[in-house]
Amino acid sequence: MDITTRLYLLDLVRQAQQATAAHAAAVRAAARAAKAAAQARARVDELARQHPTAQDPEQTSESTDELDEALEDYADCLNRLQAAKRKVARTFLAARAANRTLGTTYAQHARGRTRAASRDEVAAGLLDELADVPLELMDAAHAILVQSSAGKDSLVQLHRIATRAEKAGCLHKVVVIHIDLGEESEWPGVRELAQRQAERYGLRFHVLRAEGGLLGLVEKRGMWPDAARRLCTATLKRDVANKLLRQLAAELGLDEQAVILNCMGIRAAESPARSKKQRLAIDMRTSANNRMVLTWHPIFEMKDREVWQEIATHGLEYHPVYDALIPRLSCVFCVLAPFDVLVRAARLCWVLGLPLPARYRDLEAKIGHRFKQSHSLAEVYAEAERLESEEGPLVWNRGDAIRQHLGDGVADDYLARLALAA
Ligand code: SF4
């Protein structure tokens, strides 16, 4: 099966999935409308029961008005319920048609293949095949977006995408985007580093700003996000990037459906939640008839050590906070970071002269919402102060992150390579 057919079939999967989801949403809406109608009906019955008991003419007039209003409301609810039921029927037919089209088209193209039992299996098989041929995939795409936080995983995925894109003759399609959360959320120099990393390969670089950053979000909502409700990632990163994806597809102005690869440096080894993701997936949220957005995780299977090895081998420039043994280039006080990393982050802020530890601790006190169930920022601050008085300020050297993961010799080679490139 050629790549065009695979992409065509994937779009049929998308249509079937979106039609099925639209039907499920219509069923839920109809259930809500039925409930509202039942409540409105109960209100009418209740008022009708009360109405004949009113003796006073003024009271009788008030009761009649109330009953008329309730009857009007009930009639509105019935109309909404009828409309909701019609939508259920419409979406059911559309979902059935889309799923049938997928089934018959797939059967025509899939002769000789192992039979796929479900739509998800069809999608998983096609996506796996595409992930196995990255150069062809890039060649078929109209645009390749690389989301870069400037962290070590973003850095290695960028290196892989750029070198593969060059091989496939697709460098002109690649755009690197960095979402800047602002100086009250992130470590200094992150945006500039992301730009240097992109410029190393001569790639276009765009900065998107997430207004207010993490602190702004928390101040507005009066609570900290957590692992289960990562509003920070959704609001500050995903929504901002999705807006750009839609814009990009519109700017391409194609007569055919635009195929956009949205690349991210996510790895299975990072967390159990991430290990459940796939190397390549259809982004149902942003895909539509005029654009097929495929989320691609080009370094999904890499282990931590392999990431550092690739950085060392190719002399890629990473952020110095890793040398202070902060394992992720996330927000300074990331809601997902463990206690000891937060303590270290507070101490690193003090060395760098950043006012953030007190700023975050005070915000926690102001909103009265604990940073995490297991520990507050006040506790982080107190522990950082205790260690500071026991051990003195943090000390680190350039190359310590590589030294820690790969040993002294590799770190020395890396530093020599960086010095040569400077
Ligand atoms: S780095 Fe952490 S705190 Fe910042 S947006 Fe991501 S999950 Fe939220």
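Begin by selecting helices α12 (356-367) and α13 (377-391), each of which supplies at least two residues of the lining of the largest cavity. Please keep in mind throughout the tour that this is a predicted model.

**First stop: the cavity**

With both helices displayed, add the side chains of Phe 333, Ala 346, Pro 357, Arg 361, Leu 377, Val 380 and Tyr 381, which together line the largest cavity. Which helix gives the largest share of this lining? Helix α13 does, with three residues. Colouring the lining by class gives six nonpolar residues, one charged residue and no polar residues. The space enclosed here amounts to about 30 Å³. A search elsewhere for further cavities of 30 Å³ or more may be omitted, as the structure holds one.

**Second stop: the ligand**

Next, select the ligand and display the residues around it. On the lower-numbered part of the list are Leu 214, Arg 230, Cys 232, Thr 233 and Lys 237. The list continues with Ser 330, Cys 331, Cys 334, Val 335 and Leu 336. Now highlight helix α8 (residues 231-252), the source of three residues and the largest share of this shell. How do the residues of the shell divide by class? Six are nonpolar, two are polar and two are charged.

**Third stop: the sheet**

Hide the side chains and turn to the strands. An open sheet of six strands can be followed in the order β3-β2-β1-β4-β6-β5, and its pairing is mixed. Which strands form the edges? They are β3 (204-209) and β5 (280-282), each of which pairs on one side only. Looking along the sheet, one may follow a twist that averages 25° from one strand to the next.

For a single pair of strands, select β1 (residues 143-147) together with β2 (residues 174-180). These two strands run in the parallel sense and pair over four bridges. To inspect an individual bridge, choose Ile 144, whose partner in β2 is Val 174.

**Fourth stop: helices on the sheet**

Keep the sheet in view and add helix α3 (residues 119-131), which packs on the sheet and touches β5 and β6 (291-296). The direction of α3 makes about 135° with that of β5. Finally, select helix α6 (residues 190-199), which lies across β2 and β3. At what angle to β3 does helix α6 run? The angle is about 160°. Thus the two edge strands, β3 and β5, each have a place in this last view: β5 is touched by α3, and β3 is crossed by α6.

Notes. Residues are numbered from 1 along each chain as its sequence is written. This is a predicted model: local features need pLDDT of at least 70, side-chain atom pairs count only at pLDDT 80 or more; totals for chains, interfaces and linings use all residues. Side-chain values use heavy atoms; hydrogens and water are left out. Two strands pair if DSSP finds at least two bridges between them. Axes are lines fitted to C-alpha atoms, for helices over the stretch in contact, and angles run from 0 to 180 degrees between N-to-C directions. Contact means heavy atoms within 4.5 Å. On a 1 Å grid over the protein atoms alone, a cavity is a set of points where a 1.4 Å probe fits but cannot get out, and a pocket is an open set with protein on both sides within 12 Å along at least five of seven lines; lining residues have an atom within 4 Å of a point. Grid points are joined across faces, edges and corners, and a volume is the space filled by probe spheres set on the points. Ala, Val, Leu, Ile, Met, Phe, Trp, Tyr, Cys and Pro count as nonpolar, Asp, Glu, Lys and Arg as charged, and the others, Gly among them, as polar. A residue is near a molecule or strand if one of its heavy atoms lies within 4 Å of it.
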